[in-house]
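Thank you all for coming; before I say anything about helices, please take a moment to look through the sequence and the model on the screen.

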Amino acid sequence: MTTPIEQRFLDQHPGSAHRHETARSLFPNGVTHDARKQNPFQLYYTHAEGPAKYDVDGNRLLDFFPGHGALILGHSHPDVVKAVQDQMAAGTHFSGSTDLEMRWGELVRELIPSAEKVRFHSSGTEADMMAIRMARAYTGKTKVIKFDDHFHGWSDYLSAGGEGIGGIPAETLSTMIVLPPNDIETFEQKLKEDDDIAAVILEPTGAHMGANPILPTFLEQLREVTERYGVVLIFDEVVTGFRVSKGGAQSYFGITPDMTTLAKILGGGLPGGAVTGKADIINMIEDHPGDAEYNRYRRIAHNGTFNANPLSAAAGIKCLELVANTPVNDTADARALQLKNGLNDLLSKMEIPGCATGISSLMFLRLGADHECDKEYCILTPEHAAQAGNAVRNQQLNLALLNHGVHSGNRFILTASHTEEDIDFTVDAFEKALTEVRDQGLV
Ligand SMILES: Cc1ncc(COP(=O)(O)O)c(C=O)c1O
């Protein structure tokens, strides 16, 4: 049976409904990214500016999932638009080197503490694949540790432990070790038992962009233990890089990993990725003239048509210059705090269990979880996680929010373009949406 929230969603989005019907025969599930699947259908967008995007039915939506986290400046920042337009006219690919790639690489090195050398890629998935390959080549060891539910793109190795691992050889998965996060004893025990471990990789603020937090003390312990055992520590800063602070999570927590992967904000809204870190490790790509044995068996060959492509470089440079020289992060953080406080007050007012939590400009709503937390590093028990993960309620809330002009779900990625008024609008939209969800008996 169609709920009142669903009915309004259908009424408000006929153009998207129509497109979805066609798309279902064209794309698996009718979408081009798993995270864009939405029941009953995904919205289709035409344009965007600052904090808002517009769908084909003319609805304006405040965007709290801007560019899957890539757009810390908001949509279509005029300086980035100009840089890309100028570069488009000047040339998009020279099959050779540019000053742009130099400036882009220098900005990475200026901002990210672990960055001694840099190699560009086209996505976060690629950067993460390369990072573990470099760690393996550098140490001569085979296995890599990752943590439960941490996401590192869709490569064969790093999909280990996740959903949807069809087609990955068991031999590949057997080289990956998946451990619980925030448990240094189990981690160290594994290193004691197995001397074939090259690296450990993690999302430094926690799984799903920090939704299931890593405790800062665990990061400190990881740094100490990996140093002691000679295991390469990789921070996947694809989301947190240039966001959690100008210098990413590593600056925020004051812990320098051996290697860092970057993407999203790095490309200023266009595709881009990078692996960076200790020069000795990144140099596994360099050849050793005259050493055929090394070049064949130890060196890592790395091509990639769009590595450091001029358009992404132009956008990335402009974005990183704004991050470096203007209070982009402070503004996004302030808006996140305003939203977090606003939603926590609203939950109290409406007597709905749950909390809004998170650090910096990444915020998460844990609806239904009736528990105490510090609203920053909110770690749920399995029972509370099940309450927060109630799929039926969350789907209805998500649709109700879209009906009221907010695209967020339970995760909020803030930008420097969101205004204080946008946050007030969002809290109002939540009050309306939660009231409707309550009317359906779901909270
Ligand atoms: C932490 C993390 N690592 C890696 C990736 C993969 O990046 P990409 O989508 O650019 O391949 C993502 C994507 O969301 C991510 O969140």
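I will talk about one helix and its surroundings, and then about how it packs against a neighbour.

What you see is a predicted model, in which local features need pLDDT of at least 70 and side-chain atom pairs count only at pLDDT 80 or more, while totals for chains, interfaces and linings use all residues. Residues are numbered from 1 along each chain as its sequence is written.

Let me begin with helix H13, residues 310-325, where helices are DSSP runs of H or I with at least four residues, numbered from the N terminus. Its 16 residues should span 22 Å at 1.5 Å a residue, and the end C-alpha atoms of H13 are indeed 22 Å apart, which agrees; the expected span is 1.5 Å times one less than the number of residues.

Is H13 largely enclosed, or is it open? Twelve of its 16 residues are buried, so H13 is largely enclosed by the rest of the structure, where buried means that 20 or more other C-beta atoms, placed from the backbone, lie within 10 Å of a residue's own. Among the buried residues are Pro-310, Leu-311, Ile-317 and Val-323, and the cover includes helix H3 (78-90), H4 and helix H14 (328-349).

Turning to H4, residues 99-111, its axis and that of H13 come within 9 Å and cross at roughly 35 degrees, the axes being lines fitted to C-alpha atoms over the stretch in contact, with angles running from 0 to 180 degrees between N-to-C directions.

Definitions and conventions: Helix = DSSP H or I, 4+ residues; strand = E, 2+ residues; numbered from the N terminus. Contact = placed C-beta atoms within 7 Å.
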